[in-house]
Amino acid sequence: MSTPAEPLSARAAAHGVATWYETAGRRRVDIDPAVVEAVLDLLGPRPAPRSQAGGAATLPEPPRTWGWMLQLYGVRSAGSWGVGDFADLAEFTRWAASTGAGAILVNPLHAVAPVDPLPASPYSPSSRRFVNPLYLRIADLPEYRAAEPALRARVDALRPPQPTAEELIDYDGVWRAKRAALRLLFDAGPGEQALDPALDPALRDFATYTALAEIHGADWRQWPGELRRPSPDADAAAPAGRVAFHAWLQRRCAEQLAAANEAAAGMAVGIIHDLAVGIDPGGADAWTLQDVIAQGARIGAPPDAFNQQGQDWGLATWRPDRLAASDYRAYRDLLRGIFRYAGGLRVDHVAGLWRLWWVPPGRGAAEGTYVHYDDAAMLGILVEEAARAGAVVVGEDLGTVEPVVTTTLQERNVLGSAVLWFTRDAGGAFLPPAEWPANAVASISTHDLPTAAGFLAGEHVLARAEAGVLGRDVKDEWADAAKERAALLDLLDAEGLTEPDSTDEEIVLAMHQLLRRTPCRVVLASPYDVLGVVRQPNLPGTTDQYPNWRIPLPLHLDDLTGDARMRQIADLFNGR
């Protein structure tokens, strides 16, 4: 650290650590000096160097199209094992393309630690560089197709019973069944069991971590000291057969993901992958990339209207000084890996390219501060890699976002996010559709916000009250929810989209009609909204108090793509 005599404000400024910030309502919040000191302790003694990485390239103008937001795990079919899989993604994509859709936004497909219990959140990955084998379609594996009838029968017998539409997703049960089936097929496969000495080093490290996690647990920080870093000792301790197994899983994931991507051929955009903002601090990327990961820092968000106690996502992130010193190599490799199978990329919490809310050890979610990054390099590399891949980029710029973020995204042809609940004027009133931003992806909601039916019913108030995550009296929340509903209905009425006696189903259709009237380049609908699902996929600020990421769609895939309500939205958006 710098000498103690140097003022705290000067040390903080030199390292890009904020001593205050401004809320969305332009209220100044000063950071506790002890918090600033704690965050400075997590950084190196020298400020991050300015890098020449990235450039001023601009993406081509994004196409004007429409599509779907898909929580893949919730899309179940006759062929999947209780969780949506890559084959379901391909099938849905083919159907969507046949109806004129040009884009499919899918939840993060990042790898999680394959241990019991299996993490449910796709936004808390063990690795963002590799893929979750939970999404493999067993019957599409070459080993299954080539298997003798007796082996196929053993694999088929492992398949869990087909769940009902109401049953929550059982990640643990599905993974145990798939893991056993995959192991049978791997062991029977010709020539796969030996560890290839020419294996890609990044894949080998990931597979080594995963093999060790099966023995010592998912958090490498709790492993024996000699295993806490990639090394010859770690290689020797990881059973070669298990390393080969996990490398094989990733190869099969890549093949099935490529097949899903091929199903999007001819679409205006194709499949848009989602990049989580951080990683599990005890997971694979934090183990293999620990030299560029901020050890001890947890990222989140300061208090706001929807999350009044602030958010601690429990995730690790890049250390800006180390990332810059390495010329952003790990960041660039991450992006290239995703763009290999994507027509676009949604960057969750895109403001994190500029700054991230760090919570130091021993502090609560609201007791953090912002740490700044070299935004020219972070955004420049993102645009360069997207341009190289011919892909579009969507930045999730909701919440407390500095104006420079939105302005810069527009200048570089990176699409922003326009969500009905948040698209308002300076006084907080809902904006008419004609005044929505053009360079954006429009939607009614997101995975972290109420569904259309949930908003109308006030489910977002009820769910947060039952989970104990409200920051004020529930009566005040209900009163505000009633005002919000009335304000939305006033907007829909002013646009001539509803009548005083409109049903909730008619109001939901009117919300989609409102999206159609916006100038936004891309409009996305969610099956959760179209089918009238009341519960939202995720309730921020909760863990076991709410069934986060476990709520399936109420229809199986064949019924979903044949549903009249889905076709109605496709016909509506085709008339944009």
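Here is a friendly walk through this protein, from its overall build down to a few single residues.

The model you see above is predicted. Start with the big picture: how many helices and strands can you look for? The protein has 21 helices and 16 strands. Its radius of gyration is 24 Å, close to the 25 Å that the globule rule gives for 576 residues, so the protein is as compact as a globular protein of that length. If you turn the model along its principal axes, the C-alpha trace spans about 70 × 65 × 45 Å.

Now think about inside and outside. Of the 576 residues, 57% count as buried. The surface that the protein exposes comes to about 22,600 Å², and carbon and sulfur atoms supply 51% of that area. You can also ask how the chain meets itself. Among contacts with a separation of 6 or more, 74% are between residues that lie 24 or more positions apart.

Charges come next. The protein carries 53 positive and 74 negative charges. What distance separates the mean positions of these two groups? The two mean positions are 4 Å apart.

Let us turn to the cysteines. A disulfide is a covalent bond between the sulfur atoms of two cysteines. How many of these bonds does a search of the whole structure find? The search finds zero disulfides. Two cysteines are still worth locating in the model. Cys 253 has 0% relative accessibility, so it counts as buried, the cut-off being under 20%. Cys 520 is buried as well, and its relative accessible area is also 0%.

Next, pick out one helix, α16, which covers residues 459-467. Which of its residues are buried? They are Glu 459, His 460, Val 461, Ala 463, Arg 464 and Ala 467. These buried residues pack against two other helices, α15 (452-457) and α17 (474-494). Just after α16 you reach Gly 468, where phi is positive, at about 75 degrees.

For a contrast, go back towards the start of the chain. Ala 14 belongs to helix α1, which runs over residues 8-14. Is Ala 14 buried or partly exposed? Its relative accessible area is 43%, so Ala 14 is partly exposed. Along the chain, Ala 14 and Pro 49 are 35 residues apart, and their C-alpha atoms are separated by 11 Å.

Finally, let us look at the backbone itself. Most residues other than glycine have a negative phi, and most peptide bonds are trans. With that in mind, visit three places in the loops. Pro 117 sits in the loop between β5 (110-111) and β6 (127-131). The peptide bond that leads from Asp 116 to Pro 117 is cis, and its omega is near -10 degrees.

Asn 413 is a residue other than glycine with a positive phi, near 60 degrees. You will find Asn 413 in the loop between α14 (403-411) and β14 (416-419). Its relative accessibility is 19%, and because buried means under 20%, Asn 413 counts as buried.

Trp 549 also has a positive phi, near 65 degrees, and is not a glycine either. Its loop lies between α19 (527-530) and α20 (557-562). How buried is Trp 549? With a relative accessible area of 5%, Trp 549 is buried.

Definitions and conventions: Residues are numbered from 1 along each chain as its sequence is written. This is a predicted model: local features need pLDDT of at least 70, side-chain atom pairs count only at pLDDT 80 or more; totals for chains, interfaces and linings use all residues. Side-chain values use heavy atoms; hydrogens and water are left out. Helices (H or I, at least four residues) and strands (E, at least two) are DSSP runs, numbered from the N terminus. The radius of gyration is taken over C-alpha atoms; the globule rule is 2.2 Å times the number of residues to the power 0.38. Buried means under 20% relative accessible area, exposed over 50%, partly exposed in between (1.4 Å probe, protein chains only). Contact means heavy atoms within 4.5 Å. Accessible areas come from the Shrake-Rupley method with a 1.4 Å probe; for residues, only the protein chains shown count as cover. Lys and Arg count as positive and Asp and Glu as negative; His and the chain ends are not counted. The place of a charge is taken as NZ of Lys, CZ of Arg, CG of Asp or CD of Glu. A disulfide is a pair of cysteine sulfur atoms within 2.5 Å.
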